[in-house]
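User: Please take a close look at the salt bridges of this structure, and treat the backbone of the neighbouring loops as a side topic.

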Amino acid sequence: RDEQLRRGRVTGDGYDRITRSGTRSELDYALHPGDAGGTRVQVQASFRIAGRLAEFSRPEIVAALATQLTERFAANVAARLDGSGSASGE
């Protein structure tokens, strides 16, 4: 995290022993002045999938997974910002 530039990166990875699939994600974020004194958060997410899941060579599956992860991240951020905690219950 770079406090002065108001940006940072969050990384994560996981591995499923049953399917021998793994994933790595990176979320880059930047904070910008928003309307009415608020803050606009810009997020760019990237995902890498390896193992059996990646071997399917079906981009729609990968796109659906990336979309689901990104939507969950956005919901969690929104829940934290409005003070209600985590949207996913974690």
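Analyst: What follows describes the charged pairs and then two loop residues.

The model is a predicted one, and a search of the whole structure finds four salt bridges. Side chains of opposite charge can pair when their charged atoms come close. One of the salt bridges is formed by the side chains of R1 and E3, with an N to O distance of 2.8 Å; R1 is exposed at a relative accessible area of 76%, and E3 is exposed as well, at 55%.

Another salt bridge brings together the side chains of E26 and R9, at 3.9 Å from N to O, and this pair links distant parts of the chain, since E26 belongs to strand β2 and R9 to strand β1, 17 residues apart. E26 is partly exposed, with a relative accessible area of 22%.

D13 forms a salt bridge with R24, where the closest N and O atoms are 3.2 Å apart; because D13 lies in strand β1 and R24 in strand β2, the pair ties together parts that are 11 residues apart in sequence. D13 is exposed at 60%, whereas R24 is partly exposed at 29%. Salt bridges that share partners also join R9, E26 and D28 into one network.

As for the loops, most residues other than glycine have a negative phi. R20, which is not a glycine, has a positive phi of about 55°; R20 sits in the loop between β1 (7–16) and β2 (21–33) and is exposed, with 56% relative accessibility. A36, also a residue other than glycine, has a positive phi near 55°, and A36 is placed in the loop between β2 and β3 (39–50), where its relative accessible area of 88% makes A36 exposed.

Notes:
Residues are numbered from 1 along each chain as its sequence is written. This is a predicted model: local features need pLDDT of at least 70, side-chain atom pairs count only at pLDDT 80 or more; totals for chains, interfaces and linings use all residues. Side-chain values use heavy atoms; hydrogens and water are left out. Helices (H or I, at least four residues) and strands (E, at least two) are DSSP runs, numbered from the N terminus. Buried means under 20% relative accessible area, exposed over 50%, partly exposed in between (1.4 Å probe, protein chains only).
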